[in-house]
Amino acid sequence: MNRIPLDIELGSWDGGHDGTYPKLTVFDIRSPSTPFVITEGWGHGLMGRGYSSREFLESGLLENLNKPNSRWAYQVIKLSFSENKKPEAMFELLLESYRNNPLNISDHLLSCLRF
């Protein structure tokens with residue numbers, strides 16, 4: 001596993017093409033300079049962008065993880081930022097925490113994402 005799902009917002013997505021949902025935030029260690037990836041939409045509407053740790057923090061995107069289903073990620077990332085952890089170390093901490101806090105992702109969506 002080199003991508004860890006941090007948050008998913010399904011909205012109105014029911015498995016078809018949608019330009020807005022699902023909204024997915026992942027940590028992708030394959031791109032350590034921009035490990036925070038946010039995608040929006042599905043099919044023809046799929047759009048996404050990678051963020052550096054600094055961009056993710058300064059843009060306020062980290063605060064989007066401060067909700068019940070992704071608070072585990074918020075806490076790990078916040079602590080990692082305060083301790084100036086490199087992306088590789090942050091990945092290991094997130095992976096360890098994710099194993100105890102998996103997101104509720106439908107089998108269909110999970111098969112499409114290939115984590």
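How many aromatic pairs does the structure hold?

1. The model under review is predicted. The structure holds five aromatic pairs. Two of these pairs, F36 with F81 and W72 with Y98, are discussed individually below.

2. F36 and F81 form a tilted aromatic pair, with 6.3 Å from centre to centre and 50° between the planes. F36 belongs to strand β3 (residues 36-42) and F81 to helix α2 (residues 71-82), so this pair ties together parts that lie 45 residues apart in sequence.

3. As to the surroundings of these two residues, F36 has a relative accessible area of 0% and is buried. F81, at 16% relative accessibility, also counts as buried, because the cut-off for that term is under 20%.

4. The rings of W72 and Y98 are likewise paired: their centres are 5.7 Å apart and their planes stand at 50°, so the pair is classed as tilted. W72 is located in helix α2, whereas Y98 is located in helix α3 (residues 87-100); the pair therefore ties together parts that are 26 residues apart in sequence.

5. Is W72 buried or exposed? W72 is buried, its relative accessible area being 8%. Its partner Y98 counts as buried too, at 13% relative accessibility.

6. Beyond the individual pairs, ring pairs link F27, F36, F56, F81 and F91 into a cluster. The F36 and F81 pair of point 2 thus has both of its residues among the members of this cluster. Helix α2 contributes F81 to the pair with F36 of strand β3, and helix α2 also holds W72, the partner of Y98 in helix α3.

Methods
Residues numbered from 1 in each chain as written. Predicted model: local features only at pLDDT ≥ 70, side-chain atom pairs only at ≥ 80, totals over all residues. Heavy atoms only, no water. Phe/Tyr/Trp six-rings, centres within 6.5 Å; stacked < 30°, edge-to-face > 60°. Helix = DSSP H or I, 4+ residues; strand = E, 2+ residues; numbered from the N terminus. Buried < 20%, exposed > 50% of the residue type's maximum accessible area, 1.4 Å probe, protein only.
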